[in-house]
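Here are my notes on the model, set out as numbered points. Please read them with the structure open.

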Amino acid sequence: MNILVLGSGGREHTLTWKVAQSEKTEKLFVAPGNAGTSQIATNVNIGVTDFEAIKKLVIEEAINMVIVGPEDPLVKGVYDFFLNDETLKNVIVIGPDKAAAQLEGSKEFAKEFMSRHNIPTAAYQSFTKDSVEEGYAFLETLEAPYVLKADGLAAGKGVLILNDLQEAKDELHNMLVDSKFGEASTKVVIEEFLSGIELSCFVLTDGKDYLTLPTAKDYKRIGEGDVGLNTGGMGAISPVPFADEVFIKKIEDRIIKPTINGFQKDKMTYKGFVFIGLIKVNEDPYVIEYNVRMGDPETEVVIPRIKNDLVPLFEAVGNQTLGEKTLNIDERAATTVMLVSGGYPEAYEKGKEINGLENVHDSLVFHAGTKLEDKKVVTNGGRVIAITSYDEDFNEAIKKSYQNIEKLSFDKMYYRKDIGFDL
Ligand SMILES: Nc1ncnc2c1ncn2[C@@H]1O[C@H](COP(=O)(O)OP(=O)(O)O)[C@@H](O)[C@H]1O
Ligand SMILES: [Mg+2]
């Protein structure tokens, strides 16, 4: 099989690494990829939403399967683009169609889906410019803190959590009337605040049947102790120690099953990963959000724990025979720590040479923002490299990641030294 992975981050390097191990994989391409993917596959310099260029590549290289890493192409309809094209319609695309991708592309759509299918989530209402006064009134009925969410894609910046009622009203105005997040905040969802600890669960589905992948917990803030600005993610752990069998059964019964049944009832086409962001309130799981692809850096701990060959699983997703498959999960814990560029998530420099990669032993190196320059690996993004390790116990695994990180350096390298501190 010839396979194309779309994307250029740590998630895509991990998926490429896994798919490269399959006996079924013949030619393997990544668009646009990074320095890490270039060592195990062929990078092609095409943007993930340049559908015409992707089409040309798929035809030229006789590609049979496209694995979509990020949300952008899915929300823009890459699945439908393939399905509606005579020459591409038999290519397996791992992801939902454009309509189902609205589960991530629109917070309101996701909330309506959950309420229609009785999936536990925070109470909410949504507002537009024309109903901003009603929005203020709704805020008055809630207690602090106030949760305001831009409806559309806002690169992880569209959610505001505010302690003060007046500030919440002002921000609602900024979002709806002054287009604080552009198009994305034409609508705003206001939610009840849920208090608890967050985790994520991942599902691979063919739209009919599903496999539940391991749970993971990521660390979003830049600073140790979970303080400071939000990032794409600074590290992750799988499995989540507090998600015991009883809790996972609740997730399965109350959330995963009704979600997959909801796809069928709503006649949604969904052949890919579902990322369910959860919060544990007392002993009960609630959905914070859906994403229609894997998470990053959760992929860097979830995928390495899957022992199955991924390619036959993806084929089963494409042919809707996933019900015949079972997962084989590595019992060991996996941890990952992200090395980032100094200054990230604000301004940072690129092009710094990364030293010591050849000295890493007993950990996996997944490239996020890197590229090759004169045969040297240099930084090319805020998040640069993820170091993943396994052990029986996550505390031991994380030690291995940190020991290997000692051997690595680049100008202004930063990472959190406390991944897993709260577990
Ligand atoms: N109802 C809620 N109660 C408490 N915290 C919330 C709630 N909704 C979102 N959050 C917090 O805000 C973060 C971002 O919200 P989320 O819906 O995941 O948006 P996105 O990832 O698209 O920015 C969550 O990870 C969670 O920490
Ligand atoms: Mg989120």
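1. A strand, as the word is used here, is a DSSP run of E with at least two residues, and strands are numbered from the N terminus. In that numbering Pro32 belongs to strand 2, residues 28-32. The model is a predicted one. The peptide bond between Ala31 and Pro32 is cis, with omega at about -5 degrees.

2. A second cis peptide bond should be checked by eye. It links Ser238 to Pro239, and its omega is about -5 degrees. Pro239 sits in the loop that runs between strand 15 and helix 10 (245-265). Ser238 itself belongs to strand 15 (residues 235-238).

3. Strand 15 deserves a closer look. Which of its residues point the same way? Gly235 and Ile237 point to one side, Ala236 and Ser238 to the other, and all of them are buried. In general, side chains in a regular strand alternate between the two faces of the sheet. Strand 15 runs antiparallel to strand 12 (residues 217-218), with 2 bridges between them, and Lys217 stands opposite Ile237. Strand 15 is also antiparallel to strand 18 (residues 333-341), here through 4 bridges. In that pairing, Ser238 is opposite Ala334.

4. Next comes an open sheet of 4 strands. Its strand order is 6-9-7-8, and the pairing is antiparallel. Strand 6 (124-128) and strand 8 (159-162) are the edge strands; each has a single partner, so one side of each has no neighbour in the sheet. On average, neighbouring strands of this sheet are turned by 20 degrees against each other, direction ignored. Strand 7 (residues 146-150) and strand 8 run antiparallel and are joined by 4 bridges. Across this pair, Leu148 faces Leu160 of strand 8.

5. Which helices pack on this sheet? Helix 7 (residues 107-116) does, touching strand 6, strand 7, strand 8 and strand 9 (187-191). The direction of helix 7 makes about 45 degrees with that of strand 9. Helix 8 (residues 132-141) packs on the sheet as well, where it touches strand 6, strand 7 and strand 9. The direction of helix 8 makes about 155 degrees with that of strand 6.

6. Helix 8 has a buried side. Its buried residues are Val132, Gly135, Tyr136, Phe138 and Leu139. They span an arc of only 160 degrees around the axis, which puts them on the same side of helix 8. The cover over these buried residues includes strand 6, strand 7, helix 9 (165-176) and strand 9. The exposed residues Glu133 and Thr141 are carried on the face of helix 8 turned away from its buried side.

7. The surroundings of ligand 1 should be inspected next. Around ligand 1 there are 14 residues, of which Lys107, Lys149, Glu191, Leu194 and Glu198 come nearest. Two of the short distances involve polar backbone atoms: a nitrogen atom of ligand 1 lies 2.9 Å from one in Glu192, and a nitrogen atom of ligand 1 lies 2.8 Å from one in Leu194. An oxygen atom of ligand 1 is 2.9 Å from an N or O atom in the side chain of Glu289.

8. Is Asp391 buried or exposed? Asp391 has 18% relative accessibility and counts as buried, because the cut-off for buried is under 20% relative accessible area. Asp391 lies in strand 22 (residues 383-391). Its side chain makes a polar contact of 3.1 Å with the side chain of Lys400. Leaving aside residues up to four places away in sequence, Asp391 touches Arg332, Ala333, Glu396, Ala397 and Lys400.

9. Two lysines have backbone angles to look at. Lys375 is not a glycine, yet its phi is positive at about 65 degrees. Lys375 is in the loop between strand 20 (370-373) and strand 21 (376-379), and it is exposed, with a relative accessible area of 83%. Lys412, also not a glycine, has a positive phi of about 65 degrees. Lys412 is placed in the loop between helix 13 (394-405) and strand 23 (413-414). At 48% relative accessibility, Lys412 counts as partly exposed.

Notes
Residues are numbered from 1 along each chain as its sequence is written. Chains are lettered from A and ligands numbered from 1 in the order in which they are written. This is a predicted model: local features need pLDDT of at least 70, side-chain atom pairs count only at pLDDT 80 or more; totals for chains, interfaces and linings use all residues. Side-chain values use heavy atoms; hydrogens and water are left out. Two strands pair if DSSP finds at least two bridges between them. Axes are lines fitted to C-alpha atoms, for helices over the stretch in contact, and angles run from 0 to 180 degrees between N-to-C directions. Contact means heavy atoms within 4.5 Å. Buried means under 20% relative accessible area, exposed over 50%, partly exposed in between (1.4 Å probe, protein chains only). The arc is that of the directions from the helix axis to the C-beta atoms. A residue is near a molecule or strand if one of its heavy atoms lies within 4 Å of it. A polar contact is a pair of N or O atoms within 3.5 Å; within protein, one must be able to donate a hydrogen and the other to accept it, and residues adjacent in sequence count only if both atoms are side-chain atoms.
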